[in-house]
Amino acid sequence: MDITNRTVFIAGATSGIGLELARRFAAAGSAVIIGGRRTDLLDELAAEGFATVPIDVTDQNSVDRARDTILQSHPDLDTIVTMSGIGIPEDLRDPAHFSATEKTIDTNVLGTIRVIDAFTPHLIGRGAGTIITVTSGIGFLPFPLMATYGASKAAVHAYSEALRAQLDGTGVEVAELVPPAVATTPEQAKLNPRALDLGEFATEVMDLLKADPTPREILVKEVLMHRWAERDGTYDELVAQRSQALAMLPGRQA
């Protein structure tokens, strides 16, 4: 993937991994459109020089408006990154968790599909382009504290595989970015010392994207233990370790 001359739309890039990737694409020479819900952050990024567009991936009308705005101003759009996502701890013993389940699925799964569906006809019409979906190491190695988050990312993985097969022959490629835990703020770095530094993560991702052909899965070194846990026979042990975080739930004993 030539990252120096793309026109990239990243849905959910007003902060964190999405924003860092936006800056890396821009620094490499690509045009970048940042999408997000918070207009105050979009205003700040517009002042930084980015093209911006409001988008709420849980709202079909918002997605359609964003698509129309982007294609009017950037008809050469060739790359879509479905970065929008949320993760919420859940106590599955308490039925009240279901509201978090609905919100997570609507954002992470349906939101991803809404964005892909909005731009797929355009990319097919061009005869070339790239869709980058965003999953997680948790989609391959569950983190029981965030049950629906892991399920949502597993669903996006399966959807990405099917999308790639269905778009075969159209010139549109599908790559799946699989982040491990990434420290996107100093506070997160303190809470999880094992989390990968954001800058290190972004550097490795951009290097992987430049490979020819573009990898089907963008796997930084820190996520390999998650991706291949079942193959390597470490799955049960690692899930048991990660289950210790359930002690954080109210009423649970450490």
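Reader: Where does Pro213 lie in this structure, and what is the form of the peptide bond from Asp212 to Pro213?

Author: This is a predicted model, and in it Pro213 lies in the loop between α7 and β9. As a general guide, most peptide bonds are trans. The bond that leads from Asp212 to Pro213 is cis here, with omega near 5°.

Reader: β9 is a strand of the sheet, so to speak; in what order do the seven strands stand, and is their pairing parallel or antiparallel?

Author: In general, the strands of a sheet pair through backbone hydrogen bonds, and the pairing may be either parallel or antiparallel. In this model seven strands make up an open sheet, and reading across it gives the order β3-β2-β1-β4-β5-β6-β9, with parallel pairing. The edges are taken by β3 (51–54) and β9 (217–218), each of which has a single partner strand, so one side of each is left without a neighbour in the sheet.

Reader: How many bridges join β5 to β6, and which residue of β6 does Val134 stand opposite?

Author: Strand β5, covering residues 129–134, runs parallel to β6 and is joined to it by six bridges. Val134 stands opposite Leu177 of β6. A helix also belongs in this part of the picture, since α5 lies across β5, β6 and β9 and runs at about 160° to β6.

Reader: How should I read the packing of two helices, and at what angle do α3 and α4 pack?

Author: Two packed helices are described by the angle between their axes and by the distance between those axes. For α3 (residues 60–73) and α4 (residues 98–126) the angle is about 35° and the axes are 9 Å apart, and the crossing of α3 past α4 is right-handed. On the α3 side the contact involves Gln60, Val63, Arg67, Ile70 and Leu71, which meet Arg114, Val115, Ala118, Phe119 and His122 of α4. Sorted by class, this contact holds six nonpolar, two polar and two charged residues.

Reader: Which residues line the largest cavity, and how do they divide by class?

Author: The structure holds one cavity of 30 Å³ or more, and the space in the largest cavity comes to about 50 Å³. Its lining consists of Leu21, Phe25, Val81, Ile132, Leu177, Val205, Leu209 and Ile218, which divide into eight nonpolar, no polar and no charged residues. At least two residues of this lining come from each of α1 (16–28) and α7 (198–209). Leu177, already met opposite Val134, is one of the lining residues.

Reader: What is the volume of the second largest pocket, and which element gives the most to its lining?

Author: The second largest pocket has a volume of about 150 Å³, and among its 13 lining residues Arg164, Asp168, Val172, Glu173 and Val174 lie nearest the centre. The elements that give two or more residues to this lining are α5 (147–167) and β6 (172–177), and β6 gives the most, with four. By class, the lining has five nonpolar, four polar and four charged residues.

Conventions:
Residues are numbered from 1 along each chain as its sequence is written. This is a predicted model: local features need pLDDT of at least 70, side-chain atom pairs count only at pLDDT 80 or more; totals for chains, interfaces and linings use all residues. Side-chain values use heavy atoms; hydrogens and water are left out. On a 1 Å grid over the protein atoms alone, a cavity is a set of points where a 1.4 Å probe fits but cannot get out, and a pocket is an open set with protein on both sides within 12 Å along at least five of seven lines; lining residues have an atom within 4 Å of a point. Grid points are joined across faces, edges and corners, and a volume is the space filled by probe spheres set on the points. Ala, Val, Leu, Ile, Met, Phe, Trp, Tyr, Cys and Pro count as nonpolar, Asp, Glu, Lys and Arg as charged, and the others, Gly among them, as polar. Two strands pair if DSSP finds at least two bridges between them. Contact means heavy atoms within 4.5 Å. Axes are lines fitted to C-alpha atoms, for helices over the stretch in contact, and angles run from 0 to 180 degrees between N-to-C directions. A crossing is left-handed if the near helix is turned anticlockwise from the far one by less than a right angle, and right-handed if clockwise.
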